[in-house]
Amino acid sequence: MTEQERRWKVGARPSFDAWAESRVAGLLRFAYLVTGSQHAAEDAVQTALTRACEKWSRVSRADDPDQYVRRMVVNAHVSAWRRAGRRELSVPEVHDSPGADHAEVVTRDDAVWRVCTALPPQQRAAVVLRFYEDLDYPEIAQVLGVAEVTVRSHVHRGLAALRIELSEQEEDE
């Protein structure tokens with residue numbers, strides 16, 4: 001945690017510009033995992049930050065402005081997905097990872113990502129929040145605006161779908 005973030009936690013509320021500048025990279029990573037597409041992630045973050053700026057006096061008073069804006073990112077993506085009326089599959093970017101068998105890592109990551117993109121948006125968001133953002137179930141429930149039991153159901157069903165699909169893919173090979 002930076003010195004500036006410590007001051008913000010103590011009580012001094014940051015300006016929207018200062019807050020957004022320090023959080024935009026993390027929000028884009030989070031949005032990419034939720035949406036499955038760099039373009040959709042950028043759109044969701046832009047929409048969320050626009051709305052957060054308009055309501056910054058309320059957002060900055062929240063117990064956790066980061067969580068509040070992550071929720072806005074999820075909502076922006078779900079709204080865009082509903083407006084589109086269909087699912088879009090994206091092609092994942094391939095990143096270099098030194099030391100590992102590159103082909104095996106890419107194949108595994110690609111398989112996991114393809115299965116994740118097939119999950120319904122709420123399940124995907126719950127799985128990403130749980131395993132990428134490392135949030136607890138009550139925190140995820142707050143971000144998604146649903147009951148904790150619903151979050152547990154989304155995560156359970158999402159993981160079950162991932163296991164089944166990945167095991168079927170391994171059998172095919």
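This tour moves through the aromatic ring pairs of a predicted model and then to an arginine that sits over two rings.

Begin by displaying the aromatic side chains, among which the structure holds 3 aromatic pairs. Select F16 and W56, whose rings form an edge-to-face pair, with 5.4 Å from centre to centre and 75° between the planes. Colouring by secondary structure is useful here, because F16 belongs to helix α2 (residues 16-35) while W56 belongs to helix α4 (residues 56-60), so that the pair ties together parts lying 40 residues apart in sequence. If you switch on a surface, bear in mind that both F16 and W56 are buried.

Keep W56 selected and add W19, which forms an aromatic pair with W56 that is tilted, the centres being 5.3 Å apart and the planes 45° apart. This pair, too, links distant parts of the chain, since W19 is in helix α2 and W56 in helix α4, with their positions 37 residues apart in sequence. Both W19 and W56 are buried. With F16, W19 and W56 shown together, you have a cluster whose members are linked by ring pairs.

Now go to R130 and show the side chains of F131 and Y137 alongside it. R130 lies over the face of F131, at a distance of 5.7 Å from the ring centre. Turning the view to Y137, you will find the charged end of R130 over that ring as well, 5.2 Å from its centre.

Notes: Residues numbered from 1 in each chain as written. Predicted model: local features only at pLDDT ≥ 70, side-chain atom pairs only at ≥ 80, totals over all residues. Heavy atoms only, no water. Phe/Tyr/Trp six-rings, centres within 6.5 Å; stacked < 30°, edge-to-face > 60°. Helix = DSSP H or I, 4+ residues; strand = E, 2+ residues; numbered from the N terminus. Buried < 20%, exposed > 50% of the residue type's maximum accessible area, 1.4 Å probe, protein only. Lys NZ or Arg CZ within 6 Å of the ring centre and 35° of its normal.
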